[in-house]
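Biologist: Could you put the model up so we can go through it together?
Modeller: Here it is.

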Amino acid sequence: MQRIRLRYTKRGRLRFTSHRDFQRAFERALRRAEVPMAYSAGFTPHPKVSYANAAPTGTGSEAEYLEIALTDTRDPDTLRELLDESLPTGLDIIDAVEARTSGLADRLTASVWELRLDGVSPEDAERAVDAFMSAETVEVRRKAKNGMRTFDARGAVAGLEAHSAPPEAHGPQADRPTDQACAILRLVVRHVTPAVRPDDVLSGLRAVADLAPPVPAAVTRLAQGLFDEETGTVTDPLAPDREAAASSPNAFSGDTASAAAKASA
């Protein structure tokens, strides 16, 4: 059994798709691409697909991950192209590697988010960020299954910076073009329990600095992976699989090459 790990996106209006919506679209893509999926046992077999830490509905993402199990060997790049062609534009498969290590979910320990604040000046955003990062704790409230829950939004934040929106953000190709003031926040948040989401950080900015954007923030996950404490960066979770493949350059040959040719036929 071969395992393939995929990185996919949620762009444009497709950011409003729920995780369940994506699951249905992806399973249809698997059938259209005639992927030789492995299935679970039992009365209702389903494709062996493992999803990891999906972004909330309404947020865009450049770094969503999943893993599939195949009954026959396929070339990851060929498989990526077939699946990408079978999905709607905006749900794009942008990377694929053969799983050669364990613990993909364990390597997703932090995320990098971009928050676009239309109607907020960069100066006001920077003052709010300074107040947030200077605080020892920032308590926020969120509705949970058992009622309102209060927790600290500051402890999970490893980095938070304010920037001016680049000129292209105001152009006709922008997702939300505007000629108003616009600030961009770059947020690095650790995956903790309870999870701290970008909207929790926005609630914290409102609590410590009365920062309240006039319209909802446009939120995009730029990356997720293992958090490097020394550099403060988030590393590529698929890198260990690529490194393992590089150390075994002949692993995809012979019968595997024949299978790849069959898949692309």
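Modeller: What follows is a short talk about one strand and one pocket of this predicted model.

Biologist: Start with β3. Is strand β3 largely enclosed or open, and why?

Modeller: Strand β3, residues 60-70, is largely enclosed by the rest of the structure, because ten of its eleven residues are buried. Buried here means under 20% relative accessible area.

Biologist: How many bridges does β3 share with β1, and in which sense do they pair?

Modeller: Eight bridges, in the antiparallel sense, with β1 covering residues 2-10. As one example, R3 has A69 in β3 as its bridge partner.

Biologist: And β2, how many bridges there?

Modeller: Four, and that pairing with β3 is antiparallel too. Strand β2 spans residues 49-52, and S50 stands opposite E67 in β3.

Biologist: What about β10, parallel or antiparallel to β3?

Modeller: Parallel, with two bridges joining β3 to β10, residues 218-228. S61 has R221 in β10 as its bridge partner.

Biologist: Changing topic: what volume does the second largest pocket have?

Modeller: About 260 Å³.

Biologist: Which residues lie nearest its centre?

Modeller: P198, D199, L202, A217 and V219, out of 15 that line the second largest pocket.

Biologist: Which element gives the largest share of that lining?

Modeller: Helix α4, residues 198-209, with five residues.

Biologist: And how do the lining residues divide by type?

Modeller: Nine are nonpolar, three polar and three charged.

Definitions and conventions
Residues numbered from 1 in each chain as written. Predicted model: local features only at pLDDT ≥ 70, side-chain atom pairs only at ≥ 80, totals over all residues. Heavy atoms only, no water. Buried < 20%, exposed > 50% of the residue type's maximum accessible area, 1.4 Å probe, protein only. Pairing = 2+ DSSP bridges. 1 Å grid on protein atoms, 1.4 Å probe; cavity = no way out; pocket = protein on both sides within 12 Å on 5 of 7 lines; lining within 4 Å. Points joined across faces, edges and corners; volume = space filled by probe spheres on them. Nonpolar A, V, L, I, M, F, W, Y, C, P; charged D, E, K, R; others polar.
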